[in-house]
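The exercises below ask for a careful reading of a single model, and each is followed by a solution worked out in steps. Please look over the sequence and the coordinates before starting.

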Amino acid sequence: NKALKIGAQALNQVLVHGAAWVAKQGYIPTEDLEAQEDYGRIALADPEAVSKRAIERGMPELGTLGSGNHFLELDVVEEILDAEIAQGFGLFENQIVIQVHTGSRGLGHQVCDDYVHSMIATAGRQGIVLPDRQLACAYLESAEAKAYLAAMAAAANFAFANRSLITFFIRQTFERIFGKSSERLGMDLLYDCCHNIAKIERVSWEGRQ
């Protein structure tokens, strides 16, 4: 794991701008943002909703993989099941691809822990009966829920930036080993998406069955 050393002010920018901050620093091409969910930034983020402890945990971890179920692996495309989609992604048989699974690290874990405790108390005040403490929740219009969404978005933006920096380090490594630029090696980002987040979406069911 190779962390990028940044200060509190830069970290706030990461929490607000996500992968766009990484691109602005020149670590990744802006084209990478087009392959990321929401262009690598969730707009609801507010660093003020992130606790001091979460900030402290995130400061030394930007650009690191972490442990647990996080991984980085080299894969080989053994079989093409959908030729049209594969062509769209530029994938072909026997091609080597790199897969990265990581996220917001200790910062995101702390955000979750902070707001689970906050919402357990909030649920009681709002008359919500919880079958399990891990299902802590609050009504969307409450101040607690809005604060959580702002902190969660900030953590997601940290995750986008974190994966973008890891992508930069991977490209650097391949360039050093093969003596060619990542562009010549065809190291394009296929996609970057997140999980364990909540999103507000508008869906119209008119005319659907």
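Throughout, buried means under 20% relative accessible area, exposed means over 50%, and partly exposed lies in between, with a 1.4 Å probe and protein chains only. This is a predicted model, in which local features need pLDDT of at least 70 and side-chain atom pairs count only at pLDDT 80 or more, while totals for chains, interfaces and linings use all residues. Residues are numbered from 1 along each chain as its sequence is written, and side-chain values use heavy atoms, with hydrogens and water left out.

**Exercise 1. Describe the secondary structure and the extent of the protein chain.**

Step 1: with helices (H or I, at least four residues) and strands (E, at least two) taken as DSSP runs numbered from the N terminus, the protein chain has seven helices and two strands. Step 2: in sequence order these elements give the pattern α-α-α-α-β-α-β-α-α. Step 3: the C-alpha trace spans about 60 × 50 × 30 Å along its principal axes, and 37% of the 209 residues are buried. Step 4: where contact means heavy atoms within 4.5 Å, residues 24 or more positions apart supply 72% of the contacts with a separation of 6 or more.

**Exercise 2. Determine how α6 and α1 are each oriented against α7.**

Step 1: axes are lines fitted to C-alpha atoms, for helices over the stretch in contact, and angles run from 0 to 180 degrees between N-to-C directions. Angles under 35 degrees count as roughly parallel, over 145 as roughly antiparallel, 65 to 115 as roughly perpendicular and the rest as oblique.

Step 2: the axes of α6 (residues 105–125) and α7 (residues 143–178) come within 10 Å and cross at roughly 165°, which means that α6 is roughly antiparallel to α7. The contact involves, among them, L107, V111 and Y115 of α6 and Y148, M152 and F158 of α7. By class, this contact has eleven nonpolar, four polar and three charged residues, where Ala, Val, Leu, Ile, Met, Phe, Trp, Tyr, Cys and Pro count as nonpolar, Asp, Glu, Lys and Arg as charged, and the others, Gly among them, as polar.

Step 3: the axes of α1 (residues 8–17) and α7 come within 6 Å and cross at roughly 100°, so α1 is roughly perpendicular to α7. Here L11, V14, L15, V16 and H17 of α1 meet A153, A154, N157, F158 and A161 of α7, and the classes are eight nonpolar, two polar and no charged residues.

**Exercise 3. Classify the ring pair formed by Y27 and F168, and state the accessibility of both residues.**

Step 1: rings of Phe, Tyr and Trp (its six-membered ring) pair if their centres lie within 6.5 Å, and planes under 30 degrees apart count as stacked, over 60 as edge-to-face and the rest as tilted. Step 2: five aromatic pairs are found in the whole structure; in the pair of Y27 and F168 the centres are 5.0 Å apart and the planes stand at 65°, so this pair is edge-to-face. Step 3: Y27 lies in the loop between α2 (19–24) and α3 (31–34), F168 lies in helix α7, and the two are 141 residues apart. Step 4: Y27 is partly exposed because its relative accessibility is 25%, whereas F168, at 17%, counts as buried. Step 5: Y27, F168 and F169 form one aromatic cluster.

**Exercise 4. Place S182 and list its contacts beyond its sequence neighbours.**

Step 1: S182 is found in the segment after α7. Step 2: its relative accessibility is 8%, so S182 counts as buried. Step 3: leaving aside neighbours within four places in sequence, S182 is in contact with R171, E175 and M187.
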